[in-house]
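Please open the model in your viewer, with the whole chain displayed as a cartoon and side chains hidden until a stop on the tour calls for them. The tour begins with a loop residue, moves on to the chain as a whole, and then visits a helix pair, several salt bridges and a few backbone details.

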Amino acid sequence: MIEGTFVMIGIDMTFIRKTEINKGFFSEGISIYCEQILRGIEKVGQVNLFVLLVFKDQEKTIKHLFPNYVIRVIDSLFIKFIRNILGDNRFTDTEHKYLKRHLFAEATSDLDCVWFPYAIDKTFCKCMVPTISTIHDLILYQNGTEKEKKRYKEGVINCSDRIVAISKDVKKELEQVFFYKKVIDIVPNAVEHKENAQLQEIKEIANRSFILDVNAFTKRKNTLTLLRAYKLLQKYIEEDLVLCGGYKEEHYYDEIQQYILTNSLENNVHIFFNVNEKEKNYLFSKAKLFVMPSLMEGFGRTPIEAGMWKVPIVCSDIPVLREVTLGNAFYYSPADDERALANTIQATLKHSKNAKELEQISIQLQKYYSIETCAMQYITIFKQFCL
């Protein structure tokens, strides 16, 4: 620890995907989560405690997004030499793996601690200084091979000096799967809402009433069940269906596209990929209903955003979604039952909460998930840990 009360905490940003770096803005859930915490730290005036850890190809974008933070580039003379010979960005993934494995720990050895906002086997690194890891879910662990599970346990779980879970549900799972007995802090994801946020109209749906789902196009997000439910409802409701995501599993995305075409839904189902923040705001501001049919989640940001926009919410009845929506949604089960989902959607469209109730829900969610509140919870943990 640095003498006195001053500390310097490294924040690992090397997990940010190449696609987001190239776009110049964050569109995936984990990245947005990290961005919100960093904005919260700025708002409470604690930026001087932190240094953002990035790779060379990430430096320009991260500096642009977070100009008030100190940036430290993890690099080496060897990699620079290879880069000069072969050109930039030809072997970015290999370069990242090499730097994380061989130089990240040494490059952070003068810090008081390192925080991994997204701690999985591929992003976590055992350091020479104490580490704090935030775990969002155990989905990758559960779906991994025995070798991958062993690496995860021996790395993230055993080598983290402190663990933060983003929900009570994730904490419970960590305790059950790993028989984890140490303290696990719970800090929910920060979710920022701006009353006067800028909107950018999407002409394709400008004059349409629609049901909205904003999520990745992956199997666990369960989009096909929503499509099947919409097919059952199509002749009984006026609303179109809008699906929006920033990440996709190609095979599952192809299944979604095929289902739409096979069932002649292309005139009423609209898919948007990688929209910008203004377009996303527009979708939330115009939605008649928000639906999240996930099979499993570590958190669930988008129904919270919908609630803040005063949009009624329908969710699959899984514990974590009841937790994060603070009981303010309409829930259905089982999650993969399209008829149960269709019935809940239809009932909610007919008998939704009134404007006053939706206003109260919005205020409650904004207060609970304030970026300043969540940032201060992390700062308290960091200071306790480092001092």
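Select D121 to begin: with a relative accessible area of 25%, this residue is partly exposed. The structure on display is a predicted model. Add R151 to the selection and you will find a salt bridge between the two side chains, in which the closest N and O atoms are 3.0 Å apart. D121 belongs to the loop between β4 (113-116) and β5 (131-135), whereas R151 sits in helix α8 (residues 146-159), so the pair ties together parts that are 30 residues apart in sequence. Like its partner, R151 counts as partly exposed, its relative accessibility being 37%.

**The whole chain**

Zoom out now and colour the chain by secondary structure, which comes to 17 helices and 13 strands. The radius of gyration is 22 Å, close to the 21 Å that the globule rule gives for 387 residues, so the chain is as compact as a globular protein of that length. If you align the view to the principal axes, the C-alpha atoms fill a box of roughly 65 × 45 × 45 Å. Colouring by accessibility will show that buried residues make up 53% of the 387 residues. Among contacts with a separation of 6 or more, 68% are accounted for by residues 24 or more positions apart.

**Helices α2 and α17**

Next select residues 29-43, which form helix α2, together with residues 371-386, which form helix α17; the two pack at an angle of about 85 degrees, with their axes 8 Å apart. An angle of 65 to 115 degrees counts as roughly perpendicular, and α2 and α17 are therefore roughly perpendicular to each other. To see the contact itself, show the side chains of Y33, Q36, I37, R39, I41 and K43, and mark G40 as well, on the α2 side, and then I371, E372, C374, A375, Y378 and I379 on the α17 side. Sorted by class, this contact has eight nonpolar, two polar and three charged residues.

Keep E372 and K43 in view, for these two residues form a salt bridge whose closest N and O atoms are 4.0 Å apart. The bridge links distant parts of the chain, since E372 in helix α17 and K43 in helix α2 are 329 residues apart. How exposed is each partner, E372 and K43? E372 is partly exposed, with a relative accessible area of 30%, while K43 is exposed, at 53%.

**Further salt bridges**

The whole structure holds 18 salt bridges. Select E35, R39 and E42, which are linked in a network of salt bridges.

Then move to helix α3 (residues 59-65), where E59 and K63 lie four residues apart, about one turn of the helix. Their side chains meet in a salt bridge with an N to O distance of 3.2 Å. Is E59 buried or exposed? Buried means under 20% relative accessible area, and E59, at 16% relative accessibility, therefore counts as buried. K63, by contrast, counts as partly exposed, at 42%.

**A loop residue and its contacts**

Select N276, which is found in the loop between β10 (269-273) and α12 (277-286). This residue counts as partly exposed, with a relative accessibility of 24%. Leaving aside residues up to four places away in sequence, N276 touches F25 and Q200. For a view across sequence distance, add K23, which is 253 residues from N276 in sequence but 9.8 Å from it in space, C-alpha to C-alpha.

**Backbone details**

For the last stops, display the backbone atoms. The peptide bond from S333 to P334 is cis, with omega near -5 degrees, and P334 lies in the loop between β13 (330-332) and α15 (338-350).

Which phi value does F179 have? F179 has a positive phi of about 50 degrees although it is not a glycine. Its place is the loop between α9 (168-178) and β7 (184-186), and F179 is exposed, with a relative accessible area of 63%.

Finish at L326, in the loop between α14 (319-324) and β13. L326 likewise is not a glycine, yet it has a positive phi, of about 55 degrees. With a relative accessible area of 26%, L326 is partly exposed.

Technical notes:
Residues numbered from 1 in each chain as written. Predicted model: local features only at pLDDT ≥ 70, side-chain atom pairs only at ≥ 80, totals over all residues. Heavy atoms only, no water. Axes fitted to C-alpha atoms, helices over the stretch in contact; angles between N-to-C directions. Parallel < 35°, antiparallel > 145°, perpendicular 65-115°, else oblique. Contact = heavy atoms within 4.5 Å. Nonpolar A, V, L, I, M, F, W, Y, C, P; charged D, E, K, R; others polar. Buried < 20%, exposed > 50% of the residue type's maximum accessible area, 1.4 Å probe, protein only. Rg over C-alpha atoms; globule rule 2.2 N^0.38 Å.
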